[in-house]
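Reader: I am new to this structure and would like a close look at a single part of it, the place where protein and DNA meet. Could you take me through that part slowly, and then place it in its wider setting?

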There are 2 protein chains.
Amino acid sequence: MRADARKNYEHLLAVAREVVAEQGADASLRDIARKAEVGLGTLYRRFPTREALLETLLRETFDNLSARAKELMLAKDTGAALILWVREAVSYAQNYRGVIATMVAAIEDPESALHDSCVVMRAAGAELLSRAQSEGKARIDMEGFDLFALISALAWLRDQPSFLPRADYLFSLITSSIFTNVASSR
Amino acid sequence: MRADARKNYEHLLAVAREVVAEQGADASLRDIARKAEVGLGTLYRRFPTREALLETLLRETFDNLSARAKELMLAKDTGAALILWVREAVSYAQNYRGVIATMVAAIEDPESALHDSCVVMRAAGAELLSRAQSEGKARIDMEGFDLFALISALAWLRDQPSFLPRADYLFSLITSSIFTNVASSR
DNA sequence: ACCTGAACACCGTTCAAGT
DNA sequence: ACCTGAACACCGTTCAAGT
């Protein structure tokens, strides 16, 4: 990449990070380009889709979560390690409002730039889950898929201002289901 | 209302119901007016906001849910009655994709046309919840607020195509948290 | 009283024209 | 190689002009 292009790229990313943090994952791309003082086409050249931009913004987050999962695989209390990782995943997602819906869609769409990262993240959670299950610390009918869904629901709840006052309670309520023994569908 | 106005109104509603069922709660209002063969201003005259339109479309749903709650207050198994009502609420929400986010926002916004209906719905659930609680059939630290949040999360999960294959399981998983005894936040 | 649609200020996306 | 911004096809919302 040429030096001037590189500079544009870096600046674009910095501005995008701010704008997305402020306006959410569906922020106006036009607005980002404008605030970065860059032509709209330049943004599209570097990030052909919105997912591509989000993926770059979330790169660090995904790496951190993977590293954290690896660490937590060594923790003594497997149940606590699982919940802690879920909490961190939700907390990261909170940085970019609305990003969770895009991630959920991406995990079933191999074409999405976010696909691979989401799959890796789900796999990391699945490992922590199955380790807890092997010690009887999590219900055995849950799969990595379900854990990803639970994290998504928790992240979505956090995104709703109405629910903010009870966000911590709702987290503990919903995660408590991981420890119930049977599927009481009634 | 004049006869011609009434006719426009009815037709508009019928078309809106179809389009929203198909495209979700954020369907194009322009598209609705176009398909109803009515000027865009006519739609805005009858439904000054998107919430107003959704409220009219959901009128019947809200009434049904209220009636159902009343019936279920007489059921013998208070726990089963609660879960059944939650299931029906989620099922109704499913008719209009994305409507749950609007409802969640509306419940804290007295200006929204959906506000009152959402509050009534939450109150209906709260009654079923507290009846179950009085018999030890639901954890006592839950409030109507939390039940509404749980229903919202369940409805949101159902709206995500990725999660469809495990939707029933996820319902039973998350609702099982209602029966856990303590907040295991770990 | 009611209806219409142009007008305005926004989008996302593409691509011809420039350096 | 890279950048720009006009062009196109869409929005939501308002409101002057018509019946």
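**The surface near the DNA**

Author: Helix 3 of chain B supplies the largest share of the surface near DNA strand C, namely five residues. This is a predicted model, and every distance that follows is computed from its atoms.

The surface near DNA strand C draws on both chains, since at least two residues each come from helix 2 (29–35) and helix 3 (40–46) of chain A and from helix 1 (3–23) and helix 3 (40–46) of chain B. In total 22 residues surround DNA strand C, and the closest are A:Arg30, A:Tyr44, B:Asn8, B:Gly39 and B:Thr42. Sorted by class, the residues of this surface comprise eight nonpolar, six polar and eight charged ones.

Which part of DNA strand C supplies 60% of its atoms within 4 Å of the protein? Sugar or phosphate accounts for that 60%, while the rest of those atoms belong to bases. Several individual contacts involve the phosphates. The side chain of B:Asn8 has an N or O atom 2.4 Å from a phosphate oxygen of DNA strand C, and the side chain of B:Thr42 places an N or O atom 2.8 Å from a phosphate oxygen of that strand. For B:Arg45, a polar side-chain atom lies 3.4 Å from a phosphate oxygen of DNA strand C.

Turning to the other strand, 21 residues lie around DNA strand D, and those that come nearest are A:Asn8, A:Gly39, A:Thr42, B:Arg30 and B:Tyr44. Of the atoms of DNA strand D that come within 4 Å of the protein, 60% belong to sugar and phosphate. Bases also take part in individual contacts here: a polar side-chain atom of B:Arg30 is 2.4 Å from a base nitrogen of DNA strand D, and a polar side-chain atom of A:Arg2 is 3.3 Å from a base nitrogen of that strand. B:Leu29, in turn, uses a polar backbone atom, which lies 3.2 Å from a phosphate oxygen of DNA strand D.

The elements giving two or more residues to the surface near DNA strand D are helix 1 (3–23) and helix 3 of chain A, together with helix 2 (29–35) and helix 3 of chain B. Among these, helix 3 of chain A gives the most, with five residues. The classes on this surface are eight nonpolar, six polar and seven charged residues.

As for the wider setting, the two protein chains also touch each other, with 41 residues of chain B in contact with 39 residues of chain A. About 3,500 Å² is buried between chain B and chain A, and carbon and sulfur atoms give 67% of that area. Four salt bridges are counted between the two chains; one of the salt bridges joins the side chains of A:Arg166 and B:Glu143, at 3.8 Å from N to O. Across the interface of chain B and chain A there are also 14 residue pairs in polar contact. On the side of chain B that touches chain A, two or more residues come from each of helix 5 (78–93), helix 6 (99–106), helix 8 (144–159) and helix 9 (167–175) of chain B. The largest share of that side, nine residues, is provided by helix 8 of chain B, and by class the side has 22 nonpolar, ten polar and nine charged residues.

Note on methods:
Residues are numbered from 1 along each chain as its sequence is written. Chains are lettered from A and ligands numbered from 1 in the order in which they are written. This is a predicted model: local features need pLDDT of at least 70, side-chain atom pairs count only at pLDDT 80 or more; totals for chains, interfaces and linings use all residues. Side-chain values use heavy atoms; hydrogens and water are left out. A residue is near a molecule or strand if one of its heavy atoms lies within 4 Å of it. A polar contact is a pair of N or O atoms within 3.5 Å; within protein, one must be able to donate a hydrogen and the other to accept it, and residues adjacent in sequence count only if both atoms are side-chain atoms. Helices (H or I, at least four residues) and strands (E, at least two) are DSSP runs, numbered from the N terminus. Ala, Val, Leu, Ile, Met, Phe, Trp, Tyr, Cys and Pro count as nonpolar, Asp, Glu, Lys and Arg as charged, and the others, Gly among them, as polar. Contact means heavy atoms within 4.5 Å. Buried area is the accessible area (1.4 Å probe) that two parts lose on being put together, summed over both.
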